[in-house]
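Trainee: Could you take a close look at one charged side chain for me, and then walk outwards from there? I would like to have the cut-offs along the way.

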Amino acid sequence: MGVVSPGFQGRPRTAGPQLPPGQYLIEDFPVLSAGPTPRVSLDEWEFVITTETGQVHRWSWPRFRELPGETPEVDIHCVTKWSKLGTVWRGVSLDTLLAEVDTAADFALVDSYGGYTTNLPLEDLLDGQAWIVYEYDGADLAPEHGGPARLLVPHLYFWKSAKWVHGIRLLLEDEPGFWESIGYHDYGDPWREQRYQGD
Amino acid sequence: MARAAVSGRLTRRLSWRVARLVDYRDETPTARTLLLDVAGWPGHSAGQHVDVRLTAADGYSTQRSYSLAAPADGDRLELTVQRVPDGEVSPYLTEVYSVGDPVEVRGPIGGWFVWRPTKTEPVLLIAGGSGIVPLMAMVRARRTARSRTPFRLLYSVRSPADVYYARELARPTRGDDGLDVTYVYTRSAPQGWSGKPGRIGIADINRGGWPPEFEPSCFVCGPTGFVETAADILLALGHAPGRIKTERFGPSGG
Ligand SMILES: Cc1cc2nc3c(=O)[nH]c(=O)nc-3n(C[C@H](O)[C@H](O)[C@H](O)COP(=O)(O)OP(=O)(O)OC[C@H]3O[C@@H](n4cnc5c(N)ncnc54)[C@H](O)[C@@H]3O)c2cc1C
């Protein structure tokens, strides 16, 4: 137990089996990012997967929208301690996007319009665990939440779910992303409270 | 946000340290500056924050983030906390927390929203409410380092009574030459102030800021909506996205 602060009682919010330790439930949808919101027009938008050998797979917006869509309903957990349960999205599974990609890579470095990056093991993007989403709650994804499209990896802290996603570089060796290179955890499992390096 | 701009990779484990309240100052009727003593504090840069952990007698504990309000000074840390009505942590820190009492802190956290005195390009600080806190750390770091980098601070408050660090900002402190402060009042302005109270707009940022050709570093901090508005205006005025850094103090720390 931590050091007790005299007179502090706290007002624990709803907890439950669905909430990772240290998280509390919210109903609204806070916005967190390190710079201004990029506005990406659909004419210029593209999604690009680059393999470790430099092979490039590219989808324009119209081609991307022709891919089979899924409607994941998932819980999301932000490193700043809020969680939101049962959020509904629509997008394309990374399994679909990676199906034709020939790679021996173990790691992925995701990059965004605006320059943001985040890293994660490739296996965390596979097997129905991750999507590139373009709708939230039945409507087009708003720019402040990462529209036109963002990554959604609900089993990791939400900074891994890069907004304004542009592409994924597949790598043989792990490379830290934006927050990871300034002290945030490389993996970011909310159930193990992996907020910062060494957690 | 270019990755090249990020420095200070931090690999050591961030451990919790005990902080004790040494003294406090009321900034406004709803905001209090806490002076904390943290043995072995490793130092920090202006703009970084700490996580504060509170534990109740029954073992329940919770954490919130608070910006460091002043540059590192040995084991002494300064935070300024705004009391959020019906909040869980801020009412405790501003009303109950007493001299000698412990809390736990870990940090410093954040290496992106920082200003270092070695920087020489002009700086534009845009604060909404308690968003002044990390920006004040930058103003103070500039003074401590005797930097002559031109600074402009645009500070949006509800009314004159809501200004934090009012005296320090009002009369030019030694070392603050080259710091210009402009206020935006959203509800009520002081007597003799020309203009109408209202939310920050293009005209305010045009007047109180720097032209984009000067290539200033812009730091915007405050509630989420305020930060979105100010950052969008900076973009519309032609500032490069890579020179606009933002920190959002959402209600739930998000
Ligand atoms: C990087 C960073 C730096 C920060 N720096 C500062 C600083 O320097 N100074 C400062 O004053 N603040 C700062 N903040 C904000 C601070 O972390 C806290 O969010 C703030 O003090 C409010 O905490 P609280 O426990 O008092 O309120 P909370 O209990 O978190 O609630 C805040 C408000 O939201 C409502 N709310 C939130 N979640 C729920 C819920 N689940 N159910 C019902 N109501 C809810 C509450 O009713 C209340 O009105 C910073 C935040 C960040 C992310």
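Mentor: Happily! Let's begin with Arg83(B), which is partly exposed at 23% relative accessibility; on this scale buried means under 20%, exposed over 50% and partly exposed in between, with a 1.4 Å probe and protein chains only. Bear in mind that this is a predicted model, in which local features need pLDDT of at least 70, side-chain atom pairs count only at pLDDT 80 or more, and totals for chains, interfaces and linings use all residues. Residues are numbered from 1 along each chain as its sequence is written, chains are lettered from A and ligands numbered from 1 in the order in which they are written, and side-chain values use heavy atoms, leaving out hydrogens and water.

Arg83(B) has a salt-bridge partner in Glu95(B), with 3.1 Å between the closest N and O atoms. The rule asks for a side-chain nitrogen of Lys or Arg within 4 Å of a carboxyl oxygen of Asp or Glu. Twelve residues separate the two: Arg83(B) sits in the loop between E5 and helix H1 (90–96), and Glu95(B) in helix H1 itself. Helices (H or I, at least four residues) and strands (E, at least two) are DSSP runs, numbered from the N terminus. Elsewhere in chain B, shared partners join Arg25(B), Glu27(B), Glu78(B), Arg140(B), Arg143(B), Glu168(B) and Asp176(B) into one salt-bridge network.

Strand E5, which comes before that loop, belongs to an open, antiparallel sheet of six strands, ordered E4-E3-E6-E1-E2-E5. Two strands count as paired if DSSP finds at least two bridges between them. E4 (61–67) and E5 (76–82) are the edge strands with a single partner each, so one side of each has no neighbour in the sheet. From one strand to the next the twist averages 40°, using axes fitted as lines to C-alpha atoms and angles from 0 to 180 degrees between N-to-C directions. Inside the sheet, E1 (residues 17–28) and E6 (residues 102–109) of chain B run antiparallel and share four bridges; Ala19(B) has Val103(B) as its bridge partner there.

On the E4 edge you will find Ser67(B), which is buried at 6% relative accessible area. Leaving aside residues up to four places away in sequence, its contacts include Glu78(B) and Leu79(B), where contact means heavy atoms within 4.5 Å.

How many salt bridges are there over all chains? The count comes to 22. One of them, in chain A, pairs Lys160(A) with Glu180(A) at 2.8 Å between the closest N and O atoms. Lys160(A) lies in the loop between E10 (150–152) and E11 (165–171), and Glu180(A) in the segment after E11, so the pair ties together parts 20 residues apart in sequence. Lys160(A) is buried at 0%, and Glu180(A) is likewise buried at 0%. Arg195(A) and Glu193(A) meet at 3.3 Å, N to O; Arg195(A) is buried at 1%, whereas Glu193(A) is partly exposed at 26%.

Finally, step across to the interface. Between chain B and chain A there are three salt bridges, among them Arg39(A) with Asp232(B) at 3.1 Å between the closest N and O atoms. In all, 48 residues of chain B contact 48 residues of chain A. The two chains bury about 4,200 Å² between them, 54% of it on carbon and sulfur atoms; this is the accessible area (1.4 Å probe) that two parts lose on being put together, summed over both.
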